[in-house]
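Please take a look at the structure shown here, and let the text below guide you through one kind of contact between its side chains.

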Amino acid sequence: MTGAAETEAVKGTPRFIRAMRALRDRRMAAMLLLALAAGLPYGAVLGTLNAWLTVEGVTPSTIGTLSLITLGYAFKYLWSPAFQTARHPKPLLGPRRTWLLTLQVPIAVLLLVLPFSDPGSHIGLIAIIALGVALLSATHDTVLDAWRIEVARNEEDKDLMSALYQFGYRASTFVTGFLALLLAEWLGWAVVYGLIALMMVLAISGTFIAPEPELSAEPSSSRESFQSSVPDKTLQGYTIAVSLGWAIAIALIAWHVFASLTFVPPPSGSAFVREQGSLIVGLTVMLPALLATIMLLRHGRTPGTSLPDAVGDGVGPKVLRSLFRAIFDPLMELISRLGWGALLVLLLALTYRFTDSVWGAFAYPFYLGTENGAIGHSMADVAVASKFFGVLMTMAGAAIGVVIISAIGRMPVLVIGAILAAATNLLFADLSRGGAAIDAFLEWTMLADPIRAFAGWAASISPEGQGAEAGARMARLMLAIAGENLAGGFASVAVVAYLTSVVNPRFAAVQYALLGSLSMLIGTLGRPWLGEMIERQGFYTVFLVTFWLGGVAVLLSVLEWMRQARIKTPAAEEAAGA
């Protein structure tokens, strides 16, 4: 059979059959293992760590401050240009695989060391170890994304590898959530982190299975960039100004974390957010947007061609050009294309997931704690309700979002998702007051008996889960988590679809990375303030406050829907007239 005939035969094979055959490829097995390696560190430092700290009696304000370490995931696009090309000082396995291994080994070691620290007397050491895991993991994600894209041979490979990445990442949350909490209940945290480190070592085997991408370490073609139209002095000056702004913002965050863990009494989290939060957002978001607008007005709105760096260029100019492409190119294109609408897009990216991201760090203190309106469940209860049943509800919410988007469109779903994400905070507010409204809902619907029967069975695995009252408490918890996770999965589909729609395919990677990072920024910065509010006013007040703050995203979503409708209407009328 000739090559052309073979190609036609392959094309004639159903897509599902081709996908099943592709699963036998070692790239797919490597993708699944490497996705596990990407998800384990994030779950270990954001979820498992917070559960452990709660059990050890660490206060919500301290947990909120420690959760600032996850800003490394939000800022990773800043150093991602350094890994744009496949280079490594000693590429023993090839540059991409060597970088993966270089990052994976210290992550596994740090995860193994973490549980031998004492939260009561060495909280600073825990913070340093967790920060190291977060920074290494965020960099690992950048290298893995590059490997995944470069090793794919066609669009079907990209789709299949993306699906395997999501599956592997979800599997990692099962390990760091469901299994971790169950084992911690019986065997202790050292065993839990030992298991996570062991799973990380298993995932490292994916690096040895993975093939090295067949790409040159040097960029072979030019790419579009606004830097060709901007004078070198302006490019360098503005990039240095933004870099200094980022450095100041990171220094402010680092100092607050250090002071909170070492000073007695610690500084106020609410004062930090009130006095420095707006400055940090201004330096990291508004300053780059302002300078990007100025460059567009002065030097034109059409990107030129960015040629590869010259061999004789020094390190400084190369770094500044890389930072320009990472920060200014996506912003300048977005502002050039959308005009003032870009401001609405940036604000929506900043606020849409606020209620989810700011609350996530305090889920375990609320579920496991006994003070400030916390509900005092066992780790086994939370493992089943949140990390098993809750994960299923998140997946169901995402599936519902996909179906409804196809039926009524992206923007209505964006608005609905914002409303649901805000409203489900009221479920937890009710839960913190005993769950009277949830009980009334269970009695009103036909779901009361089956939910309570399942909840009673689920509660029976807990040392405390015996009797009707245990089943009723578990039913309330599961219903609240079901509502919140259904809304979260629905909203995540909505915001991913929206952000994907506003990026330009020519700048898709950097624009999406930038907007995705912004979606984590406000919620993460707000955690010290929220932790202090929990200690002073209790969880009930916090859930009411986050409900009302969620209204900001609802309002911005409605305004963005109106903006897009106004833009599309004249075009539609012109097309109809033609």
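The paragraphs that follow turn to salt bridges and to the surroundings of the residues that form them.

The model is a predicted one, and a search of the whole structure finds five salt bridges. Among them is the contact between Arg337 and Glu333, whose closest N and O atoms lie 2.9 Å apart. Both of these residues belong to helix α12, which covers residues 315–338, and they are four residues apart, or about one turn of that helix. Glu333 is buried, because its relative accessible area of 4% falls under the 20% limit for that class, whereas Arg337, at 37% relative accessibility, counts as partly exposed.

Another of the salt bridges joins Arg536 to Glu532, with 3.3 Å between the closest N and O atoms. Here too the partners sit in one helix, α23 (residues 527–537), where a spacing of four residues means that about one helical turn separates Arg536 from Glu532. Arg536 has a relative accessible area of 64% and is therefore exposed, since the class begins over 50%, while Glu532, with a relative accessible area of 11%, is buried.

Helix α24, running over residues 539–577, holds Arg563 and Glu560 three residues apart, so that about one helical turn lies between them. These two residues also form a salt bridge, in which the closest N and O atoms are 2.8 Å apart. As for their surroundings, both Arg563 and Glu560 are buried.

Terms used: Residues numbered from 1 in each chain as written. Predicted model: local features only at pLDDT ≥ 70, side-chain atom pairs only at ≥ 80, totals over all residues. Heavy atoms only, no water. Salt bridge = Lys/Arg side-chain N within 4 Å of Asp/Glu carboxyl O. Helix = DSSP H or I, 4+ residues; strand = E, 2+ residues; numbered from the N terminus. Buried < 20%, exposed > 50% of the residue type's maximum accessible area, 1.4 Å probe, protein only.
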